[in-house]
Amino acid sequence: MTHQGRVAVDRSSPATTDPMLPRPFRVELVKQELSDTFTFTLRPADGRGFSFQPGQINMLTAFGVGEVPISISGDPDNPLPVVHTIRAIGAVTKALGALRPGDMVGVRGPYGTPWPIEAAHGADVLILAGGIGLAPMRPVILRVLAEREKFGNVLILYGARTPEDMLFADELRAWRSRFDVNVRVTVDRSTGNWNGQVGVVTRLIKGGGFDRLDTIAFLCGPEIMMRYAVQTLREVGIGDDRIYLSLERNMKCGVGLCGHCQLGPLFVCRDGPVFRCDRVYDLMMTREL
């Protein structure tokens, strides 16, 4: 599975012979995470298997409504049932959120380049996520924790708008309880009984806890957050060739045919969504590209 070239599709289990033809999956469980965000688990109705790498996406079909790209948020070492965490903000995602156990959805994928976790073996790992960006990061965190002995220091930095907007709060508490992981959480605005950090998530970077010359950073969240995070990482001495970003664009086909997700010479669905920073940062800074 390549992380900087064209998308490598795992032909062993998930893809149909026609990449534009969705497989039928049955909704197994629906869990409301936040007021506008839910997680559901899916099992293939055709009985075949499924596998993916952290960072990859599926194209999900709400039959009769449309199709939308969603990052896989499950455990890559236990890929079934297939897990997606979705914010219901448009017609398709709202239709998916209205589904109940037993209902059917269409699944194409997985598509896209994964996080280069192997490149971080022996190095410190800094995982930074903002808001719903923790969902695509969850498979990375689960893989890193499952192979904890292969890495140096592990930092998980997460920012949400308010304490009520914090995704996977129970898992965050569980990760914080470990002695071999440094988890720092902040909110933009304090509410209720919150007594933790307040401020943008990029401020957590300057708290240190990593070797600036031997750290791999994985970033996912709003594009403006990632731009400021890259600037801060540069200030503390981490080079662009050691920073990886997951980008979101309006994907329609998942296989680089339609052009909806074009970013300069790149297609996010085919060449991403995970990119090394030195490959895309200048493109991200170009207005209306």
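The legends below accompany a set of close-up views of a predicted model.

**View 1. The whole chain, with its 6 helices and 15 strands.**
Let's start with the overall picture before moving in. The radius of gyration of the chain is 18 Å, close to the 19 Å that the globule rule gives for 289 residues, so the chain is as compact as a globular protein of that length. Along the principal axes, the C-alpha atoms fill a box of roughly 50 × 45 × 40 Å. Buried residues account for 52% of the 289 residues. The chain exposes about 12600 Å², and 49% of that area comes from carbon and sulfur atoms. Of the contacts between residues at least 6 apart in sequence, 72% join residues at least 24 apart.

**View 2. The largest nonpolar core, made of 36 residues.**
Here is a good place to look at how side chains come together. The residues with the most contacts inside this core are L128, L219, L233, I243, L245 and L247. Take L247 as a guide: beyond its neighbours within four places in sequence, L247 is in contact with M226, L263, V268, P273, F275, V280 and M284. Apart from this core lies another, of 35 residues, with A120, V154, M166 and L172 among them.

**View 3. R108, an arginine in strand β6.**
Strand β6 spans residues 104-111. The relative accessibility of R108 is 2%, under the 20% cut-off, so this arginine counts as buried. Its side chain makes a polar contact of 3.4 Å with the side chain of Y111. Setting aside residues up to four places away in sequence, R108 touches P19, M20, L21 and P22. The other residues that R108 touches under that condition include N58, M59 and E67, and also K252 and C253.

**View 4. T39 in strand β2, and its polar contact with T85.**
Strand β2 covers residues 37-44. The side chains of T39 and T85 are joined by a polar contact of 2.8 Å. T39 counts as buried, because its relative accessibility of 9% is under 20%. Not counting residues up to four places away in sequence, T39 touches L29, V30, K31 and E33, together with V83, H84, T85 and F168. The last of these, F168, is the subject of the next view.

**View 5. F168, a residue other than glycine with a positive phi.**
Phi of F168 is near 55 degrees. F168 lies in the loop between β8 (154-160) and α3 (169-176). With a relative accessibility of 7%, F168 counts as buried. Among the residues that touch F168 is T39.

**View 6. Two cis peptide bonds, L80 to P81 and G272 to P273.**
Keep an eye on the prolines in this pair of close-ups. The bond that joins L80 and P81 has an omega of about 0 degrees. P81 sits in the loop between β4 (66-71) and β5 (82-87). For the bond between G272 and P273, omega is about 10 degrees. P273 is found in the loop between α5 (268-271) and β15 (274-276). P273 is also one of the residues in contact with L247, which appeared in the view of the largest nonpolar core.

**View 7. A selection from the 18 salt bridges of the structure.**
D180 and R148 meet through their side chains, at 3.9 Å from N to O. This pair links distant parts of the chain, 32 residues apart: D180 is in the loop between α3 and β9 (182-187), and R148 is in the loop between α2 (134-146) and β8. D180 is partly exposed, with a relative accessible area of 29%, while R148 counts as buried at 15% relative accessibility.

E235 and K206 form another salt bridge, their closest N and O atoms being 3.2 Å apart. This pair also links distant parts of the chain, 29 residues apart, with E235 in helix α4 (residues 223-235) and K206 in the loop between β10 (197-198) and β11 (215-220). Both E235 and K206 are exposed.

In a further salt bridge, the closest N and O atoms of R270 and D271 are 3.0 Å apart. R270 counts as buried at 14% relative accessibility, and D271 counts as buried at 4%. Finally, R23, D46 and R48 are joined into one network by salt bridges that share partners.

How values were computed: Residues numbered from 1 in each chain as written. Predicted model: local features only at pLDDT ≥ 70, side-chain atom pairs only at ≥ 80, totals over all residues. Heavy atoms only, no water. Core = buried A, V, L, I, M, F, W, Y, C linked by side-chain atoms within 4.5 Å. Buried < 20%, exposed > 50% of the residue type's maximum accessible area, 1.4 Å probe, protein only. Contact = heavy atoms within 4.5 Å. Helix = DSSP H or I, 4+ residues; strand = E, 2+ residues; numbered from the N terminus. Polar contact = N/O pair within 3.5 Å; in protein donor to acceptor, adjacent residues only side chain to side chain. Rg over C-alpha atoms; globule rule 2.2 N^0.38 Å. Areas by Shrake-Rupley, 256 points an atom, 1.4 Å probe, with all protein chains shown as cover. Salt bridge = Lys/Arg side-chain N within 4 Å of Asp/Glu carboxyl O.
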